[in-house]
Amino acid sequence: MKKKFNIYCGLLIAAIVFGIGVDMAQTGYMAFRGAQAGWEQASREKNGECKSKISQTIDINDLNAVEMFPKNIMQLDKCDSIINKKTGEKMPVMMTQAIVFTKERPPLANPNKFTSWFMLGLIIAFWVVFIKLVKGVNKGEIFEKKTEKYLSWGGWLCLAIYMLGWVERVWTYYNNVQMFEFENYDTILYEGPDSAMLYAAFGMLLVGQIFKIGRQMKEEQELTV
């Protein structure tokens, strides 16, 4: 039974690492493309091919992630356009997400400046609790208050991570509403945090209660005997 438990724990860790790896790969790819574009721009400026100093005017603080939706999805003439190089055709396109460059500072500071450290602390705390839970189960500490406590803490930490994700998104949405009003698009709050974290939170709390009931039944049987 412990062997199977360890296998499941290993699969869970592998799934989490895979998810983090995918996110890191996406971020790395975007950083690589940005660095590549900056290098090419600097080369053109050095060779005199480009006189503008665009690459020097872009600041990471000027980037704003905006979620949006077309005001009238049926009016193609009010859409933006993109060129399909395979056919040379200019095709209508409706954006739902965009990175907007602006020198205007949001009314509230960037939420990531305040929430990233809290998020990191919550993630570290979850892993500490998870490792203690695994070690306890391998020692045979199953129907004990300690195990229930670890499961409960893990559940509440997952819930806190999920709620903090909503704080980040609502904060960003408020800033976008205060800063932008697009002609053909409404600024919306479309994507929330990963629901898997919410399921994990209530799943761990539920399992904790099941372990508690099992411990109480075990104690009652021992008293009866």
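## A three-strand sheet, a hairpin and antiparallel helices

Start in β4, where isoleucine 99 stands opposite alanine 65. That pair is a handy way into this model, which is predicted. One register along, the bridge partner of valine 66 in β4 is alanine 98.

**The overall layout**

The protein has 5 helices and 5 strands. Read from the N terminus, the elements go α-α-β-β-β-β-α-α-β-α. Of its 225 residues, 24% count as buried.

**Strands and their partners**

Here are the strand pairs, with their bridge counts.

| Strand | Partner | Bridges | Sense |
|---|---|---|---|
| β1 (residues 63–70) | β4 (residues 97–101) | 5 bridges | antiparallel |
| β1 | β5 (residues 185–187) | 3 bridges | antiparallel |
| β2 (residues 80–84) | β3 (residues 89–93) | 5 bridges | antiparallel |

Strands of a sheet pair through backbone hydrogen bonds, and they can do it parallel or antiparallel. In this model, 3 strands make an open sheet, ordered β4-β1-β5, with antiparallel pairing. β4 and β5 are the edge strands, each with a single partner, so one side of each has no neighbour in the sheet. From one strand to the next, the twist averages 50°.

On the β5 side, phenylalanine 69 stands opposite aspartate 186. Tyrosine 185, also in β5, is the bridge partner of proline 70.

Which side chains of β4 are buried, and which are not? Ala98 and Val100 point to one face and are buried, whereas Gln97, Ile99 and Phe101 point to the other face and are not. A regular strand has its side chains alternating between the two faces of the sheet, and β4 shows such an alternation. Back to the two bridges from the start: alanine 98, the partner of valine 66, is on the buried face of β4, while isoleucine 99, opposite alanine 65, points to the other face.

Then there's the hairpin. β2 and β3 form it with 4 residues between them, and glycine 88 in the turn has a positive phi of about 80°. Across the hairpin, isoleucine 82 stands opposite methionine 91 in β3.

**Helix α3**

α3 covers residues 112–138. With 27 residues at 1.5 Å a residue, α3 should span 39 Å, and its end C-alpha atoms sit 38 Å apart, so the two agree.

The buried residues of α3 include Thr115, Met119, Leu122, Phe126, Val129, Phe130, Leu133, Val134 and Val137. An α-helix has 3.6 residues a turn, so residues three or four places apart point the same way. Keep that in mind when you look at the numbering of Met119, Leu122, Phe126 and Val129, which are among the buried residues of α3.

Is glycine 121, another α3 residue, buried or partly exposed? Its relative accessible area is 36%, so glycine 121 counts as partly exposed. Glycine 121 and isoleucine 161 are 40 residues apart along the chain, with their C-alpha atoms separated by 9.7 Å. After α3 comes glycine 140, with a positive phi near 90°.

**How the helices pack**

How do α3 and α4 cross? Their axes come within 9 Å and cross at roughly 160°. The two helices are therefore roughly antiparallel to each other; the cut-off for that label is an angle over 145 degrees. The residues of this contact split into 18 nonpolar, 5 polar and 2 charged. As for handedness, α3 passes α4 in a left-handed crossing.

Next, take α4 (residues 145–179) with helix α5 (residues 195–224). Here the axes come within 8 Å, again with a crossing at roughly 160°. That makes α4 roughly antiparallel to α5. α4 passes α5 in a left-handed crossing too.

One α4 residue to click on is tryptophan 153. With a relative accessible area of 45%, tryptophan 153 is partly exposed. C-alpha to C-alpha, tryptophan 153 and leucine 205 are 8.3 Å apart, although 52 residues separate them in sequence.

**Putting it together**

So what does the model hold? There is an open antiparallel sheet ordered β4-β1-β5, and a β2/β3 hairpin with 4 residues between its strands. α4 has roughly antiparallel relations with α3 and with α5.

Methods
Residues numbered from 1 in each chain as written. Predicted model: local features only at pLDDT ≥ 70, side-chain atom pairs only at ≥ 80, totals over all residues. Heavy atoms only, no water. Axes fitted to C-alpha atoms, helices over the stretch in contact; angles between N-to-C directions. Parallel < 35°, antiparallel > 145°, perpendicular 65-115°, else oblique. Left-handed = near helix turned anticlockwise from the far one by under 90°. Nonpolar A, V, L, I, M, F, W, Y, C, P; charged D, E, K, R; others polar. Pairing = 2+ DSSP bridges. Expected span 1.5 Å × (residues − 1). Buried < 20%, exposed > 50% of the residue type's maximum accessible area, 1.4 Å probe, protein only.
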